[in-house]
Amino acid sequence: MKRVAILISGGGSNMLELLRDMAEGGYAEAVLVASNDPAAKGLEKAAAQGVPVAAVDHRPFGGDREAFEAVLTRKIDATRPDILCLAGFMRILTPGFIRRYEGRMLNIHPSLLPKYPGLHTHARALAAGDTEAGCTVHEVTAELDAGPLLGQARVPVLPGDTEDTLAARVLTLEHQLYPQVLRRFAAGDRTPVHLG
Ligand code: GRF
């Protein structure tokens, strides 16, 4: 059974969906949920489900990303994961970290990549007058939000949509997309999932 570590920074709603689906499908087990924020609400939710958790506060490291990642990597590697899922993880990773896990590290991004890499994706889609939006799961490579596509889900942008209403509609699809992609990826199948 594949061993999956999940990195979060906040509430971890995507992480919780991955935990649920792995338990349901029995195709993988969560060996760690880790965060760069000790106060991340997702940590207590994962712990409540008996999943080992870890927190490495990035702030004491200042701008020394490598030093922060050295501590985080030790905690991750101690659980011997086969797959690393970034799920609402809000730190930029160095090329060294990415190289260490390349080919087995996934991320979910709230836009239809290659449109809108980076932040504030929903505000940018609304400002552009897009009629559809969505989310993408991709393999993580050195270029930010640009690795091989593993899944995409589309939603309509509706009249009167705000950043919050659009984000909520996309998040619902994230929760469907990420587990379906993880199931395939864990089975060695990189055929992209397309929803909506
Ligand atoms: C979501 O919009 C996700 O697309 C982005 O982080 C946000 C929060 O995710 N990566 P979660 O609820 O912490 O999983």
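This note walks through a predicted model, beginning with one strand and then moving on to its spaces and a few unusual residues.

1. **A strand on the inside.** A good place to start is strand β5, residues 105-109. Five of its five residues are buried, so β5 is largely enclosed by the rest of the structure. Recall that buried means under 20% relative accessible area. In a regular strand the side chains alternate between the two faces of the sheet. You can follow this in β5: Met105, Asn107 and His109 lie on one side, Leu106 and Ile108 lie on the other, and both faces are covered.

2. **The parallel neighbour.** Which strand runs parallel to β5? It is β4, residues 83-86, and three bridges join the two strands. For one of these contacts, look at Leu84, whose bridge partner in β5 is Met105. To get from β4 to β5 the chain passes through helix α4, residues 95-101, and this β-α-β crossover is right-handed.

3. **The antiparallel neighbour.** Strand β6, residues 132-139, also pairs with β5, and here the strands run antiparallel, joined by four bridges. Try finding Leu106 in the structure: its bridge partner in β6 is Glu139.

4. **The largest pocket.** Now turn to the open space in the model. The largest pocket holds about 870 Å³. It is lined by 35 residues, and those closest to its centre are Phe89, Met90, Ile108, His109 and Pro110. Two of these names should be familiar, as Ile108 and His109 are also among the buried residues of β5.

5. **Who builds the pocket lining?** Elements that give two or more residues to this lining are α1 (13-25), β5, α5 (121-127) and α6 (163-186). Which element gives the most? That is α6, with five residues. The lining also draws on both domains, taking at least three residues from each of domain 1 (1-101) and domain 2 (108-196). Sorted by class, the lining has 16 nonpolar, 14 polar and five charged residues.

6. **The largest cavity.** How many cavities of 30 Å³ or more does the structure hold? There are two. The largest has a volume of about 70 Å³. Its lining includes Pro110, Ser111, Leu112, Lys115 and Tyr116, along with Thr121, His122 and Ala125. Asp130, Glu132, Ala133 and Gly134 belong to the lining too. The elements that contribute two or more residues to it are α5 and β6. By class, the lining divides into five nonpolar, four polar and three charged residues. Notice Pro110, which lines this cavity and is also listed among the residues closest to the centre of the largest pocket.

7. **The second largest cavity.** This one contains about 60 Å³ of space. Among the residues lining it are His58, Phe61, Gly62, Asp64 and Arg65, as well as Arg91, Ile92 and Leu93. Its lining is made up of four nonpolar, two polar and four charged residues.

8. **Unusual backbone in one loop.** Most residues other than glycine have a negative phi, and most peptide bonds are trans. With that in mind, look at the loop between β5 and α5, where Pro114 is found. A cis peptide bond joins Leu113 and Pro114, with omega at about 10°. His120 sits in the loop between β5 and α5 as well. Although His120 is not a glycine, it has a positive phi of about 50°. Is His120 buried or exposed? Its relative accessibility is 57%, so His120 counts as exposed, the cut-off being over 50%.

9. **Another positive phi.** Asp145, in the loop between β6 and β7 (149-156), has a phi near 55°, again a positive value in a residue other than glycine. Here the surroundings are worth checking: Asp145 has a relative accessible area of 12%, so it is buried.

10. **A last stop at Ala87.** Finally, find Ala87 in the loop between β4 and α4. With a relative accessible area of 4%, Ala87 is buried. Ala87 and Leu177 are 90 residues apart along the chain, and their C-alpha atoms are separated by 12 Å.

Technical notes:
Residues numbered from 1 in each chain as written. Predicted model: local features only at pLDDT ≥ 70, side-chain atom pairs only at ≥ 80, totals over all residues. Heavy atoms only, no water. Buried < 20%, exposed > 50% of the residue type's maximum accessible area, 1.4 Å probe, protein only. Pairing = 2+ DSSP bridges. Right-handed = clockwise from strand over helix to strand, strands pointing away. 1 Å grid on protein atoms, 1.4 Å probe; cavity = no way out; pocket = protein on both sides within 12 Å on 5 of 7 lines; lining within 4 Å. Points joined across faces, edges and corners; volume = space filled by probe spheres on them. Nonpolar A, V, L, I, M, F, W, Y, C, P; charged D, E, K, R; others polar. Domains from an automatic or database assignment.
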